[in-house]
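Reader: Hey, could you walk me through this structure? I'm new to it, so plain words please.

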Amino acid sequence: MRLVHINLLQPGMKLGKRIYSEEGLVLLSEDVELTSRLIGRLKDLGVGYVYIKDAATEDIIVPDMLQEETRRKALVEIKQQFQSMSGMKTKNQIPHFGKALSGVMNTILEDIGSQKEAMIMLMDMNSSDFDLYNHSLNVCVYTLVLGVASGYTRQQLMEIGLGALLHDIGKTQIAPEILHKPSRLSDEEFKIIQQHTTYGHRILKDEPGIPLLSAHCALQHHERIDGSGYPFGLKDKEIHEYAKWIALADSYDAMTTNRVYKQALLPHQAVEVLYTGSGTLYEQRMLERFRDCVAIYPVGLSVTLSTGEVGVVAAIHPRVPQRPLIRVLKDADGQNLSAPYEINLSTALSVMITGVEGVEDTPSSAQSERLES
């Protein structure tokens, strides 16, 4: 299958993967044939990219970071637990949830541990919009991949994983009309949103089954190493390492997920934006580790090469994710090849990816402004 920008869809194309709503419901199933009406509906919903099937790429399989059943059960549990505490302002009102979410974490860790070399691959290219539950799960999975790559123990992975899963739990205490406002927040509204870090810490710090370090992740995930973050303006070593990893995963997922007011960036664009904060917002060594763990060109993405040829990302090299295997489908004159062939960019070092079909090469200033997810 291949990943196609919404503006390049044509009637008659068949979906290669399901498209989900923000509630996790299936909007369109695999193998559905697209019509002009369905394409228009997807545009109205804000879907940015769609996986489609075609003969030239039918054997290209897009890997999933989690098994579908694991993802489904995790989202059901996250949604249930988050909704149970929505708007609750005192600790004794909030039901215990540590045991249930620890069980979710164990299942997620098993899925990630079963992969020979886990990498950060996009989880929501076919979703219609950003939502708290999917975001929490995505940030958890991305953070765990970084933890595995950093050599964390099982106990440390549980601590940072729960911290990532629950980093935004304080948003359950924010009024929905502010939390889901489709336009830019006022200064006063942004101050209210910022309180989610302290709300989250208050909810988690005494929760049975939730490590105290996980609570600190909720408190510190918007701190930045130059002191420009919140709630306390902590700097560098004052911020726990777990929170620094979660800050990267949080910002990355916010940028690569559709919003009602902002189209998702592709991974290579989001990593580029993150790098603008090297040494100020994020530690350079962490950015380098993050970059080495991200499949910046997703499997199935249509790309243009420095040779002028056009192809599709067929596979990711786990040790050199920035240099994937490309199946060339068009020659430099734009003519379809009768016999497509593959170029391994990890060995063909003179060939570069110069563009992505249907999108700008570089994020615009409006796209690349700092996101507070």
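Author: What follows is a short tour, from the overall chain down to some ring pairs and strands.

Reader: Okay, what am I looking at, and how are the residues numbered?

Author: This is a predicted model, where local features need pLDDT of at least 70, side-chain atom pairs count only at pLDDT 80 or more, and totals for chains, interfaces and linings use all residues. Residues are numbered from 1 along each chain as its sequence is written, and side-chain values use heavy atoms, with hydrogens and water left out.

Reader: What's the mean pLDDT of the chain?

Author: The mean is 88, and 89% of the residues reach 70 or more. pLDDT is the predictor's confidence in each residue, from 0 to 100.

Reader: Where does pLDDT stay under 50?

Author: Over residues 364–372, for which the model has 18 contacts beyond four places in sequence. A contact means heavy atoms within 4.5 Å. Where pLDDT is low, the predicted coordinates should not be read in detail.

Reader: Fair. How many helices and strands does the chain have?

Author: There are 12 helices and 10 strands. Both are DSSP runs numbered from the N terminus: helices are H or I with at least four residues, strands are E with at least two.

Reader: And how much of the chain is buried?

Author: Of the 373 residues, 53% are buried. Buried means under 20% relative accessible area, exposed means over 50%, and partly exposed is in between (1.4 Å probe, protein chains only). Among contacts with a separation of 6 or more, 67% come from residues 24 or more positions apart.

Reader: Switching topic: how many aromatic pairs are there?

Author: The count comes to five. Rings of Phe, Tyr and Trp (its six-membered ring) pair if their centres lie within 6.5 Å; planes under 30 degrees apart count as stacked, over 60 as edge-to-face and the rest as tilted.

Reader: Which kind is the pair of Phe82 and Tyr133?

Author: Their ring centres are 6.3 Å apart and their planes are at 70 degrees, so that pair is edge-to-face. Phe82 sits in helix H2 (residues 68–84) and Tyr133 in helix H4 (residues 132–149), so to speak of distant parts of the chain is fair: they are 51 residues apart. Phe82 and Tyr133 are both buried.

Reader: What about Tyr152 and Tyr242?

Author: Those rings have centres 5.7 Å apart and planes at 55 degrees, so the pair is tilted. Tyr152 is in the loop between H4 and helix H5 (154–165), while Tyr242 is in helix H10 (residues 241–255), so the pair ties together parts 90 residues apart in sequence.

Reader: Are Tyr152 and Tyr242 buried or exposed?

Author: Tyr152 counts as buried at 12% relative accessibility, and Tyr242 counts as buried at 4%.

Reader: Which residues do ring pairs link into a cluster?

Author: Tyr142, Tyr252 and Phe290.

Reader: And what lies over the face of Tyr51?

Author: Lys17 does, at 5.2 Å from the ring centre. The rule for a charge over a ring is NZ of Lys or CZ of Arg within 6 Å of the ring centre and within 35 degrees of the ring normal.

Reader: Now the strands. How is the open sheet of three strands ordered?

Author: The order is S1-S5-S2, with antiparallel pairing. S1 and strand S2 (14–15) are the edge strands, each pairing on one side only. Two strands pair if DSSP finds at least two bridges between them, and S1 and strand S5 (residues 49–53) are joined by four.

Reader: Who stands opposite whom in S5?

Author: Val4 stands opposite Val50, and His5 is opposite Tyr49. In strand S1 (residues 2–5), Arg2 and Val4 point one way and Leu3 and His5 the other way, and all are buried.

Reader: Which strands pair with S6?

Author: S6 is joined to strand S7 (residues 310–315) by three bridges, running antiparallel, and Thr304 stands opposite Val310 in S7. S6 also pairs with strand S10 (residues 353–356) in the antiparallel sense over three bridges, with Val303 opposite Val356. In the hairpin of S6 and S7, with four residues between the strands, Gly308 takes a positive phi near 95 degrees.

Reader: Last one: where does Pro298 lie?

Author: Pro298 is in the loop between helix H12 (284–293) and strand S6 (302–305), and is buried with a relative accessible area of 7%. The C-alpha atoms of Pro298 and Met121 are separated by 6.9 Å, though these residues are 177 apart along the chain.
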